[in-house]
Amino acid sequence: MTLAQWKTAGDKKRQAILDALPDKWTIKSSIPAPEELRDVTGYIQEFLTPREIEITETDAVGITEKTTSGKWSAVEVTEAFCHRATIAHQLVSCLHEVFFSAAIEDAKRLDNYFAEHGKPVGPLHGLPISLKDQFHVKGVETTMGYVGWIGTFQGKANDPRKGVFESELVRELRSLGAVLYCKTSVPATLMSGETANNIIQYTTNPQNRLLSSGGSSGGEGALVALKGSPGGFGTDIGGSVRIPAVFNGLYGIRPSSGRMPYQGAANSMDGQNTMLSVIGPLATTARSLQFLFKSILSQKPWYYDPLALELPWRDAIEHETRELIKSSAIGSSQLAFALMYHDGVVRPQPPIARALKIVEQTLIRLGHKVIEWNPPSHVVAYKIARTTYNMDGGADARYHFGLSGEVRPNPVILESGPQKSALEIAELNVEKRDYQKSYMDYWNTTVELTGTGRPVDGLICPCAPFAAVLPGKYSHVGYTSFVNVLDYTSVSFPVTRANKTIDVAQPGTEFLSELDRQVQGEYDADAYDGAPAGLQLVGRRLQEEKMLTLAEYLGEKVRDFPV
């Protein structure tokens, strides 16, 4: 395509999404500019009825308590979220696909089933679920942000799977009784901490529309933050669930590879196995995150995805963790945490530094042991991650951009260069394995410092050096990508919000790196004001039960801390 052609194709697709929104729900008045109204999380209520607000501001667990008991109908709940998602998209551009009519029909079938059998289809009966635009849904397009994918199946115009194929996660959600109704925006290539493409353009942050919603699951983060979805699913190869979660004041999990089914999802650099992308949910509450995670595992995905591990939800680990928490509540602390204040490359900006202090002081007040984290160099992990992302020399991205001739619309971490040979990939895999071993050994040594007879129960650190980010300024993925290199479990959780009167830049001349100098210089207290500031809780590999339980506990406790 020529420049005019791909721009026209992108514009046409963007308009088609707007046209798919019910006219009765489109905003007729002028929407305030971001400079006039940064935070639209309250403004969205002006377009909803009190009943719709009640439904959509109930979390996923609360909704299913009503829908699985017949107190709320699936149709009423689905319509409320379709309405709120429609408004959300007009405010922050967070949707890629809407299929509300199909969702309402699915909801009617669920209501008919309940009326006939007196019981729900499954634990997610009547729960609307949104999906990042990597998941294939029958009758719905998947563009993954590429203009060249419009009207095709992953760029192939005549692929027989077009319009009929569904990803494994989609099948399982349907079996659980979930109602699928929309897919959310992503950055082209997926490899970006911001969400922008030549179809949707830029997805902004609902709590500060001067800033980014994060990436690559940025549409999910923005939609859930506006409560246009009670929970959704994204993917994470370098922070793409955790970054949108903390940028939008949500909970999100990056599980270890193999716990969630990835089979049948679209992807970038498909077949790259040095660092696997993983699926994880985002939600407004920690209990909803755990609920969604457990529900998927109940479908035994290891029977349908060859890379899924046969590892059901382990109630014993959850119970053991809750017992440790209970012991702490009566003054007999059984928990120990490590805090990492910076990664040796970039120091966190003031809002994130304050979030760390809030958590540190909360843990101390609760009587927990807190130690400082001095692990093997994260510079090594950052190098391994970047090498992995670029091992094909950018060939995959060039090919898919080349389908339409479009230009790269967003800052991505992919670089052009020579492709790695088989020998070089093998050497990289050995380097990663050696780093994993050294990190494991370091973690084990903390048993000497905790006083619990165990190594630290979790590591708390930033997901990014900034609270959200100014457009085009996402420049460091090291805080999240080291977790992907290690294949550890990580749950992001909200802590506070940036405050321009408190989070003032501190003058100084000592920097960890040139990148640190750049990031600190870009901090603008006024621009960041109001942005969510969250952190992540990192556990060792396959510790999802423990980390989800601890994240719920920590999230509750930091809310009690004065800002």
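A crossing of two helices is called right-handed if the near helix is turned clockwise from the far one by less than a right angle. With that in mind, welcome to this predicted model, where helix α4 passes helix α5 in just such a right-handed crossing.

**Two packed helices**

Two packed helices are described by the angle between their axes and the distance between the axes. Here, α4 covers residues 74–92 and α5 covers residues 100–117. Their axes lie 8 Å apart, at an angle of about 160°. Angles over 145 degrees count as roughly antiparallel, and α4 and α5 are therefore roughly antiparallel to each other.

Which residues make the contact? On the α4 side they are Ala74, Val75, Thr78, Glu79, Cys82, Ala85 and Thr86. From α5 come Phe100, Ala103, Ile104, Ala107, Lys108, Leu110 and Asp111.

**The largest pocket**

Now let us turn to the largest pocket, which holds about 710 Å³ of space. It is lined by 37 residues, and those closest to its centre are Tyr262, Ala265, Asn267, Asp270 and Gly271. Strand β10 (278–283) and helix α13 (395–402) each supply at least two residues of this lining. Which element gives the largest share of the lining? That is α13, with three residues.

**Residue classes in both places**

The table sets out the classes for the helix contact and for the pocket lining.

| Place | Nonpolar | Polar | Charged |
|---|---|---|---|
| Contact of α4 with α5 | nine residues | two residues | three residues |
| Lining of the largest pocket | 17 residues | 14 residues | six residues |

Definitions and conventions:
Residues numbered from 1 in each chain as written. Predicted model: local features only at pLDDT ≥ 70, side-chain atom pairs only at ≥ 80, totals over all residues. Heavy atoms only, no water. Axes fitted to C-alpha atoms, helices over the stretch in contact; angles between N-to-C directions. Helix = DSSP H or I, 4+ residues; strand = E, 2+ residues; numbered from the N terminus. Parallel < 35°, antiparallel > 145°, perpendicular 65-115°, else oblique. Contact = heavy atoms within 4.5 Å. Nonpolar A, V, L, I, M, F, W, Y, C, P; charged D, E, K, R; others polar. 1 Å grid on protein atoms, 1.4 Å probe; cavity = no way out; pocket = protein on both sides within 12 Å on 5 of 7 lines; lining within 4 Å. Points joined across faces, edges and corners; volume = space filled by probe spheres on them.
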